[in-house]
Amino acid sequence: MYLFKKAAQLQEFLSSRRERSRPVGFVPTMGALHEGHLSLIHLSRSNDAVTVCSIFVNPTQFNQIIDLEKYPRTPAKDIRMLVKVGCDALFMPTVDEVYPEGKQIGRNFDFGNLDKTMEGHFRPGHFAGVVQVVDRLLEIVRPDRLYMGQKDFQQAAIVRNMLHQVNSPVELVIAPTVREAGGLAMSSRNERLDPALMQTATILYQSLMNAKELMDFYNPQEIKEKVLDKLSVPGIRFEYFEIVDGHTLQPVRSFDDAEFIVACVAAWAGDVRLIDNMILKR
Ligand code: AMP
């Protein structure tokens, strides 16, 4: 695997490769890699001639400085994992390399309600930072395919909308959520959970499964109330549970309201914020 810290060097490598082998797949990450990230690398390896991964803890998407400071960083382990799964190139830029003209630079997008609900509501400014970094990384890597996880459902919906707004030729591929044995969605932030809290945190997954089981008998509002009752356990500070149209991300009143319906949940386990989601109807 080739490791690049400079955008120009990565671009030089990719232009030499692109002539001989296409397509190029790109997996952007913030590191502290786990099987969820690796599933995206595997997917790209099965579709693309060249797979590029980036590890960049993007400061502009953290709405709390403490979260940025505490974000797990395990670069040596990450590199070993990427070599093992056959990733072709890793881009590990500095903040100045990604934002040479300052952190304020970037295109303005209007996402309507997509970035106002759920994560957008609880993490003001988060999606502006996500969109800024994805736009910039795509400008550097210019991949044919971009791989993201369903785990961050709202993020994927917003990036899809952004690609549409700029008429991008990049194909967005969304990969299913990889989970721990008990159902907890894998996340870099799980590294900060002690074993007891990790066990308790499976309640997020259980709440989603519960919603799926109840959907034949209750409407979304009733399900929400039942699930919220169950989420009141010591150690968990629940933030939201929404049943939304998977395209507009607006809450649905009935399961007949939309073709594509997703349940999304966010909660704090101790001082670690976790999110998860499950498709209820498609
Ligand atoms: P992150 O490093 O958290 O920014 O995640 C990088 C990419 O990996 C994003 O597209 C995530 O949605 C995806 N991802 C994170 N966790 C998982 C998971 N458990 N299963 C599948 N994809 C994931």
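**View 1. Polar contacts between the ligand and Met 30, Asp 152 and Met 186 in this predicted model.** Start with Met 30, where a backbone N or O atom sits 2.9 Å from an oxygen atom of the ligand. Asp 152 uses its side chain instead: one of its polar atoms lies 2.6 Å from a ligand oxygen atom. At Met 186, a polar backbone atom is found 2.9 Å from a nitrogen atom of the ligand. On its own, the ligand has 480 Å² of accessible area, and the protein covers 93% of that.

**View 2. The shell of 17 residues around the ligand.** Here you can look for the closest residues, which are Met 30, His 37, Asp 152, Val 178 and Met 186. Strand E2 (24-29), helix H2 (35-47) and strand E5 (145-149) are the elements that each give two or more residues to this shell. H2 supplies the largest share, with three residues. Sorted by class, the shell holds eight nonpolar residues, seven polar ones and two charged ones.

**View 3. The hairpin of strands E8 and E9.** Strand E8 (residues 261-269) pairs with E9 in the antiparallel sense, and nine bridges link the two. As a handy landmark along the pair, Val 262 stands opposite Ile 279 in E9. Two residues separate the strands in this hairpin, and Gly 270 adopts a positive phi near 60 degrees.

**View 4. Strand E9 within its surroundings.** Take a closer look at E9, which spans residues 272-281. Nine of its 10 residues are buried, so the strand is largely enclosed by the rest of the structure.

Terms used: Residues are numbered from 1 along each chain as its sequence is written. This is a predicted model: local features need pLDDT of at least 70, side-chain atom pairs count only at pLDDT 80 or more; totals for chains, interfaces and linings use all residues. Side-chain values use heavy atoms; hydrogens and water are left out. Buried means under 20% relative accessible area, exposed over 50%, partly exposed in between (1.4 Å probe, protein chains only). Helices (H or I, at least four residues) and strands (E, at least two) are DSSP runs, numbered from the N terminus. Two strands pair if DSSP finds at least two bridges between them. A residue is near a molecule or strand if one of its heavy atoms lies within 4 Å of it. A polar contact is a pair of N or O atoms within 3.5 Å; within protein, one must be able to donate a hydrogen and the other to accept it, and residues adjacent in sequence count only if both atoms are side-chain atoms. Accessible areas come from the Shrake-Rupley method with a 1.4 Å probe; for residues, only the protein chains shown count as cover. Ala, Val, Leu, Ile, Met, Phe, Trp, Tyr, Cys and Pro count as nonpolar, Asp, Glu, Lys and Arg as charged, and the others, Gly among them, as polar.
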